[in-house]
Amino acid sequence: MTKDQLSKRVGKRIIEIRSKKGLSQSDLARACGKDRQAIEKIENGKVNSTTYSLYIISKALEVDIYELFKF
């Protein structure tokens with residue numbers, strides 16, 4: 001798996017979890033202290049997120065970080 005493929009798969013997983021919780025990108029962005037465009041880029045796999053960013057997102061989604069890698 002390439003870096004780009006991994007970023008896209010993690011992004012799709014974030015979308016799945018966020019959607020199940022009824023959150024918009026803006027809701028998630030506020031909970032993470034980021035702007036909506038940053039969340040959009042992460043979800044679309046356009047950026048290679050840091051481990052810390054994924055940790056913050058997982059906490060905002062109220063899931064363990066490993067849930068972002070269950071695909």
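This passage describes the salt bridges, the aromatic pair and the surface patches of a predicted model.

Six salt bridges occur in the structure. One of them links the side chains of arginine 13 and glutamate 16, with an N to O distance of 3.0 Å. Both residues belong to helix H1. They sit three residues apart, about one turn of the helix. The two partners fall into separate accessibility classes. Arginine 13 is buried, because its relative accessibility of 12% lies under the 20% cut-off. Glutamate 16 is partly exposed, at 40% relative accessibility.

A salt bridge is also found in helix H2, which spans residues 25-32. Here the side chains of arginine 30 and aspartate 27 meet at 2.7 Å, N to O. The spacing is three residues, about one turn of the helix. Arginine 30 has a relative accessible area of 59%. That value is over 50%, so arginine 30 counts as exposed. Its partner, aspartate 27, is partly exposed at 28% relative accessibility.

Helix H3 covers residues 36-43. Within helix H3, glutamate 40 and arginine 36 lie four residues apart, about one turn of the helix. Their side chains form a salt bridge of 3.3 Å, N to O. Arginine 36 is partly exposed, with 32% relative accessibility. Glutamate 40 is likewise partly exposed, with a relative accessible area of 31%. Elsewhere, salt bridges with shared partners connect Arg13, Glu16, Glu67 and Lys70 in one network. The bridge between arginine 13 and glutamate 16, described above for helix H1, thus joins two members of this network.

The aromatic rings were examined next. A pair of aromatic rings is described by the distance of the centres and the angle of the planes. One aromatic pair was counted. It consists of tyrosine 52 and tyrosine 55, whose ring centres are 6.1 Å apart. Their planes meet at 35 degrees, so the pair is tilted. An angle under 30 degrees would have counted as stacked, and one over 60 as edge-to-face. Both tyrosines lie in helix H4. Because they are three residues apart in that helix, about one helical turn separates them. Tyrosine 52 is exposed, at 56% relative accessibility. Tyrosine 55, with a relative accessible area of 38%, is partly exposed.

Two surface patches complete the description. The patch of positive charge gathers Lys8, Arg9, Lys12, Lys41 and Lys46. Helix H1, residues 3-20, gives the most to this patch, with three residues. Lysine 41 is placed in helix H3. Lysine 41 is partly exposed, with 44% relative accessibility. That value is over 30%, so lysine 41 meets the accessibility cut-off for patch residues.

The nonpolar patch is formed by Met1, Leu6, Phe69 and Phe71. Together these residues have about 400 Å² of accessible area on the surface. Phenylalanine 69 is located in the segment after helix H4, which runs over residues 51-60. Its relative accessible area is 38%, so phenylalanine 69 counts as partly exposed. This value, too, is over the 30% required of patch residues.

How values were computed
Residues numbered from 1 in each chain as written. Predicted model: local features only at pLDDT ≥ 70, side-chain atom pairs only at ≥ 80, totals over all residues. Heavy atoms only, no water. Patch = residues over 30% accessible without salt bridge, like charges linked within 9 Å, V, L, I, M, F, W, Y side chains within 5 Å. Areas by Shrake-Rupley, 256 points an atom, 1.4 Å probe, with all protein chains shown as cover. Salt bridge = Lys/Arg side-chain N within 4 Å of Asp/Glu carboxyl O. Lys, Arg positive; Asp, Glu negative; His and termini not counted. Charge placed at Lys NZ, Arg CZ, Asp CG, Glu CD. Helix = DSSP H or I, 4+ residues; strand = E, 2+ residues; numbered from the N terminus. Buried < 20%, exposed > 50% of the residue type's maximum accessible area, 1.4 Å probe, protein only. Phe/Tyr/Trp six-rings, centres within 6.5 Å; stacked < 30°, edge-to-face > 60°.
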